[in-house]
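Got your viewer open? Let's take a walk through this model, one selection at a time.

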Amino acid sequence: MTRIRIIGGCGSGKSYTARALSRTYGIPYYETDNFMWDRSADNTRNSPEVRDARLAETVATESWIIEGVHHKWGTLSFREADLIFLIQPNLYVQDGRVIRRFIKTRLGLERGNYKQSFRNLYVMLFEWNRGFKKESIPAIMELTEEYKTKRIIVRNNREILKHVGRYMEEASLLKAGNRNH
């Protein structure tokens, strides 16, 4: 049983890391965007009740990786997580990833969760990412303060992979030790 919550701004590496961990450890991963948005219609949000029910359903499962920028309504995932990662990469690296993803989806080389527009690119770079750093990170730190023993602040996905690798190794040793007693 492993439950991991990854939070960070646009282009911080959340999705990439969640997919990598999922492949390595066989843990299903979920995007908070898919709790938030009704994917059957363009630009339509789920009601808070639907969103919260989907999150609660996921959190109630044995193992999960939940990644996403959303934090105000994600308290349940913080409480139930074994590990909480807050990714804070260099802002220029983050912006470069956002631009690269924008180009790849516009060229049809990568599938995106939403329609990429120049307006959307501007919003991600100059409103969301700057706002995340200035406003969301302090809010996330406050929101997760009571879980600080399992909150880990990292600069990149390699740090998360290393932490999770150690955590999984320790869990495996603990489990093996329990079987021998």
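Before you click anything, one term: two residues are in contact when they have heavy atoms within 4.5 Å of each other. Also keep in mind that this is a predicted model.

**Stop 1: Leu-86.** Select Leu-86 and show what surrounds it. Skipping neighbours within four places in sequence, Leu-86 is in contact with Ile-7, Phe-132, Ile-137, Ile-140, Met-141, Ile-152, Ile-153 and Val-154.

**Stop 2: the nonpolar cores.** Keep Leu-86 highlighted and add Leu-55 and Ile-66. In the largest nonpolar core, which has 16 residues, these three touch the most other members. Where do the elements giving two or more residues to this core sit in the chain? Colour helix 2 (32–36), helix 3 (48–59), strand 5 (64–67), strand 6 (83–87) and helix 6 to see them. Helix 6 gives the largest share, three residues. Now pick out Ala-18, Leu-21, Ile-87 and Ile-152: they are among the members of a second, separate core of 14 residues.

**Stop 3: Val-59.** Next, go to helix 3 and select Val-59. Is Val-59 buried or exposed? Its relative accessibility is 4%, and buried means under 20%, so Val-59 counts as buried. Leaving out residues up to four places away in sequence, Val-59 touches Arg-3, Trp-64, Ile-66, Leu-76, Ser-77 and Glu-80. Try a distance label too: the C-alpha atoms of Val-59 and Ala-81 are 8.4 Å apart, though 22 residues separate the two along the chain.

**Stop 4: helix 5 against helix 6.** Select residues 91–106 for helix 5 and 118–143 for helix 6. Two packed helices are described by the angle and the distance between their axes. Here the axes come within 11 Å and cross at roughly 155°. Angles over 145 degrees count as roughly antiparallel, so that is how helix 5 runs relative to helix 6. The crossing is right-handed. To see the contact, show Leu-91, Gln-94, Asp-95, Val-98, Ile-99, Arg-101, Phe-102 and Arg-106 on helix 5. On the helix 6 side, show Phe-118, Leu-121, Met-124, Leu-125, Asn-129, Arg-130 and Lys-133. Colour this contact by class and you get eight nonpolar, two polar and five charged residues.

**Stop 5: Arg-111.** Finish in the loop between helix 5 and helix 6, where Arg-111 lies. With a relative accessible area of 73%, Arg-111 is exposed. One last distance label: from Arg-111 to Gly-131, 20 residues apart along the chain, the C-alpha separation is 26 Å.

Methods
Residues numbered from 1 in each chain as written. Predicted model: local features only at pLDDT ≥ 70, side-chain atom pairs only at ≥ 80, totals over all residues. Heavy atoms only, no water. Axes fitted to C-alpha atoms, helices over the stretch in contact; angles between N-to-C directions. Helix = DSSP H or I, 4+ residues; strand = E, 2+ residues; numbered from the N terminus. Parallel < 35°, antiparallel > 145°, perpendicular 65-115°, else oblique. Left-handed = near helix turned anticlockwise from the far one by under 90°. Nonpolar A, V, L, I, M, F, W, Y, C, P; charged D, E, K, R; others polar. Core = buried A, V, L, I, M, F, W, Y, C linked by side-chain atoms within 4.5 Å. Buried < 20%, exposed > 50% of the residue type's maximum accessible area, 1.4 Å probe, protein only.
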